[in-house]
Amino acid sequence: MNPDNINILAIESSCDETSAAVLQNGKVLSNHIATQKVHERFGGVVPELASRAHMQHIVPVVDAAIADAGISKNEITAVAFTQSPGLLGSLLVGACFAKSFAQAMKVPMIAVHHMQAHVLAHFIEAKPFFPFLCLTVSGGHTQIVLCRDYLDMEVLGETIDDAAGEAFDKLAKMLGLPYPGGPLVDKLAAEGDPLRFKFPISEMKDYDFSFSGIKTSVLYFLRDQKKIDQDFAEKNMKDICASVQYTIIKTLMTKLRKAAQGLGIKEVGIAGGVSANSGLRKALKETGEQLGWNVYIPKFEYCTDNAAMIAITGYHKYLKGDFATIDASPSARATW
Ligand code: KG4
Ligand code: ZN
């Protein structure tokens, strides 16, 4: 045991993944994720079931993360947990576990903002230079974030209604695909024609987004086509997915490009669950090549919810001495 090592145990439980990770001096030693399958048949996350599943998973997941890291729990320097945003019951499970662990092991506790962690996931392996511009796209958020330093971030623009991930999931639901639909839409889109059907691109002010218009337009489009051909959606699934994905990506990339050019920033990345989308990854690479950006695309395991990103954020907060008190409770705010 080296007393100089900073070993952060991190817990992520904001939605439907129970995850624990151990980070040593900023390097990931382990990152375990238990995905909750229980929601699939409901077509979306059921909050009460999520809380119960977190309670079942949390101890085995933490045990596995510590064992896999090759350290003992006595060597943990601090415990970080997702404080917000997320489902309140789910957040409570992680926060209560972190508090109990911190009390029992007499180590400090660090409260982490989930969206800040998605951005800092980039610093697990690559090291973007500051200022760094990050498009954070998940199931609940769509934001353009200016990072001046690890913990100095400003949201320049965001969605005024649905998030990009939500748009993918809702499209999938309209097409009868299981939840979460984003990855399936991505897969089907790869074999479809993105220019076959035209959907509207929302025009929002500055760096803001809106995705409710595209959702409604797809809904009416499918309804009208169904009147002509009952099996229209099934027959044209790949082209519909490709066309909607194309529109969502175009909306995202137009604003990201505008922000990067407006601010004169060439360090640009994407983060959050939707950054796993192959079309978005490709679009960022191509735009980066055109405009001379250094682009940052997270590894798949760090795109969707994971505790490694909570750990890296916890590590930087630890270095700043930014600890939570025992009365730190999760916030029920669904968005920030
Ligand atoms: O960041 P995340 O794991 O959880 C939240 O904080 O919301 O993001 C989940 C979202 C879901 O909406 C999911 O459908 C979407 O990310 N997603 C994708 C892909 N993989 C995950 N959307 C499009 N293409 C993908 N490959
Ligand atoms: Zn997330």
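Start by selecting helix 4, residues 164-174. In this predicted model, helix 4 gives the largest share of the lining of the largest cavity, namely four residues.

**Stop 1: the cavity**

Stay with helix 4 and add helix 6 (212-228) and helix 8 to your selection, since each of the three supplies at least two residues of the cavity's lining. To see the whole wall, pick Ala167, Lys170, Leu171, Met174, Ile214, Lys215, Val218, Val244 and Ile248. Try colouring them by class: seven are nonpolar, two are charged, and no polar residue takes part. What volume does the largest cavity have? About 50 Å³. How many cavities of 30 Å³ or more does a search of the whole structure find? Just one.

**Stop 2: the largest pocket**

Keep helix 4 lit up. Its seven residues are also the largest share of the lining of the largest pocket. The space in here comes to about 1,200 Å³. There are 45 lining residues, and if you want to aim for the centre, select Cys15, Asp16, Gly139, Asp169 and Tyr179, the closest ones to it. Helix 3, helix 4 and helix 5 are the elements that give the lining two or more residues. Colour this lining by class too, and you get 15 nonpolar, 20 polar and ten charged residues.

**Stop 3: ligand 1**

Now show ligand 1, which sits in this largest pocket. Which residues are closest to ligand 1? Among the 19 that surround it, they are Gly139, Asp169, Asp186, Gly273 and Asn277. You've already met Gly139 and Asp169 near the centre of the pocket.

Next, hunt for some polar contacts, taking them one residue at a time:

- Click on Gly273: a backbone N or O atom there lies 3.0 Å from an oxygen atom of the ligand.
- Move to Gly182, where a polar backbone atom is 3.2 Å from a ligand oxygen.
- Finish on His114, where the side chain puts an N or O atom 3.3 Å from an oxygen of ligand 1.

How much of ligand 1 does the protein bury? Taken alone, the ligand exposes 550 Å², and 89% of that gets covered by the protein.

Zoom out a little and highlight helix 3 (114-120), helix 4 (164-174) and helix 5 (182-189): each brings at least two residues to the shell around the ligand. His114, from the contact list, is where helix 3 begins. Likewise, Gly182 is where helix 5 begins. By class, the shell splits into five nonpolar, eleven polar and three charged residues.

**Stop 4: the second largest pocket**

For the last stop, select helix 8 (237-263) and helix 9 (278-291), and keep helix 5 on screen. Where are we? At the second largest pocket, which holds about 510 Å³ of space. It has 20 lining residues, and the ones nearest its centre are Tyr246, Ile249, Gly279, Ala283 and Glu286. Helix 5, helix 8 and helix 9 are the elements that put two or more residues into this lining. Which helix gives the largest share? Helix 8, with eight residues. The class colours here show eight nonpolar, seven polar and five charged residues.

Before you close the viewer, flip back to helix 8 once more: besides lining this pocket, helix 8 also supplies at least two residues of the cavity lining from the opening stop.

Technical notes. Residues are numbered from 1 along each chain as its sequence is written. Chains are lettered from A and ligands numbered from 1 in the order in which they are written. This is a predicted model: local features need pLDDT of at least 70, side-chain atom pairs count only at pLDDT 80 or more; totals for chains, interfaces and linings use all residues. Side-chain values use heavy atoms; hydrogens and water are left out. A residue is near a molecule or strand if one of its heavy atoms lies within 4 Å of it. A polar contact is a pair of N or O atoms within 3.5 Å; within protein, one must be able to donate a hydrogen and the other to accept it, and residues adjacent in sequence count only if both atoms are side-chain atoms. Accessible areas come from the Shrake-Rupley method with a 1.4 Å probe; for residues, only the protein chains shown count as cover. On a 1 Å grid over the protein atoms alone, a cavity is a set of points where a 1.4 Å probe fits but cannot get out, and a pocket is an open set with protein on both sides within 12 Å along at least five of seven lines; lining residues have an atom within 4 Å of a point. A molecule sits in a cavity or pocket if more than half of its atoms lie within 2 Å of its grid points. Ala, Val, Leu, Ile, Met, Phe, Trp, Tyr, Cys and Pro count as nonpolar, Asp, Glu, Lys and Arg as charged, and the others, Gly among them, as polar. Grid points are joined across faces, edges and corners, and a volume is the space filled by probe spheres set on the points.
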